[in-house]
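This report describes the fold, the helix packing and selected backbone features of one protein. The sequence and structure are shown first.

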Amino acid sequence: MSHFPRGLQLLCAIPFALQACGGGGSTGPAPKPARLANPDSTAAQLQSLTAPFETDAFLNFAALHQHFGPAGSALAAMLSPTAAPAITTPVAAPGRVWRSLLATSAVAGAIFRDTARGKTFVWDTTAARYVTSTAAGAPANGVRFVLYTTQPPISEPSRPLTAMGYADLTDQSTSSAAVLGVAVLGGTGPTPVTYVSYTVARSAAPARAWAVVGFVTDGATLLDLTSAVTATSTLLTVQTAVDDATDGTHVSETGTLSRTWENSADFSLTSGAETVRATGSVQLDTTGHTWGRGSVAVTVNGQAFATITIAPAGPSYSGASGVQLTSADDAALARLFIASFNLFGAVTVLTDPAWVLRM
């Protein structure tokens, strides 16, 4: 996700049209340079957007969900007759999703076999995979996977095993669509906290289109999220809308990933009368797992505000013509860059369990 970079240049200047006054040929005053009304507030809003995807529950789910249907195991046979093979190479979640998307089977009558329903799966350190257990509590119409603490970038539980929650996957399919329900809960006491709850739905047509609806929270901020995911042989596209009821902000993003690992995003944050928009792309370095080169144009209410230039060492910021960036502006731009590309990666994490099950 955020560790993968990209590169592409993007225009950031927006021309201003000077309007003539009453036929005399005179022009009005030049527009004032764009500025953030409150850069500290913008940075805080963007931090709130990122925080729910940084909880231990979400990060451990992100690390372990690819093991929910490993190839060749008894678990794969129990979960689905078309369970996806495990991908062992250290690629980003978007790449893992894309490979599974293009191989997805037709909408099936059931996501889980009867022999898997109601089962709780735990990690077997010897086999290095999830295995069925006798533990109770799994949903009757689905399965439960115990989640453990992990140490990124390793995508297996740390040793010794430390359980920190669980993920419940449920079959909520209808006659016209395959629907997978996912709930991620943290804590091992009698009242675990629900950090993630959503559904991934795929109808019979079009063949490669999925819909995600639900919420993600860190306990302080709750994000209502809807997303549409489509895939072709050359492009993975994710269109997402997020509403933060805590501070009344709205986020809209269209993100793409090409076969050449170019990740593009058109991201906007609206709060009150102000809309901050970031549009650009970066080339992912899938070998070194570092940022490549790219550029992101930032506007405030349609006026050019700044350019974020991405290099392997990290991003840098420059103001548009007439804009003097402050340290607070730089901090807001840093949060904007993180949020704009991490949201794309986070949505692919949410959809990943459906791809692992070849739904």
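Axes here are lines fitted to C-alpha atoms, for helices over the stretch in contact, and angles run from 0 to 180 degrees between N-to-C directions. The model is predicted: local features need pLDDT of at least 70, side-chain atom pairs count only at pLDDT 80 or more, and totals for chains, interfaces and linings use all residues. Residues are numbered from 1 along each chain as its sequence is written, and side-chain values use heavy atoms, with hydrogens and water left out.

**Overall composition.** The protein has five helices and 15 strands; helices (H or I, at least four residues) and strands (E, at least two) are DSSP runs, numbered from the N terminus. Of its 359 residues, 49% are buried, where buried means under 20% relative accessible area, exposed over 50% and partly exposed in between (1.4 Å probe, protein chains only).

**Helix packing.** The axes of helix 2 (residues 56-64) and helix 5 come within 10 Å and cross at roughly 60 degrees. The two helices are therefore oblique to each other; angles under 35 degrees count as roughly parallel, over 145 as roughly antiparallel, 65 to 115 as roughly perpendicular and the rest as oblique. On the helix 2 side, Phe 58, Phe 61 and Ala 62 meet Ala 346, Val 349, Leu 350 and Pro 353 of helix 5, contact meaning heavy atoms within 4.5 Å.

**Nonpolar core.** A nonpolar core is a set of buried Ala, Val, Leu, Ile, Met, Phe, Trp, Tyr and Cys residues joined through side-chain atoms within 4.5 Å. The largest one holds 81 residues, of which Leu 169 and Val 298 touch the most other members. Helix 5 (residues 327-356) supplies the largest share of this core, 15 residues. Beyond four places in sequence, the contacts of Leu 169 include Phe 68, Phe 112 and Pro 353.

**Strand 7.** Ala 209 lies in strand 7 (residues 209-217) and is buried, with a relative accessible area of 18%. Its C-alpha is 4.6 Å from that of Thr 230, although the two residues are 21 apart in sequence.

**Backbone features.** Arg 159 and Pro 160 are joined by a cis peptide bond with omega of about -10 degrees; Pro 160 belongs to the loop between strand 3 (142-148) and strand 4 (163-171). Two residues other than glycine with positive phi are tabulated below.

| Residue | Phi | Loop between | Relative accessible area |
|---|---|---|---|
| Ala 128 | near 55 degrees | strand 1 (119-124) and strand 2 (129-132) | 31%, partly exposed |
| Trp 261 | about 65 degrees | strand 10 (249-258) and strand 11 (262-271) | 21%, partly exposed |
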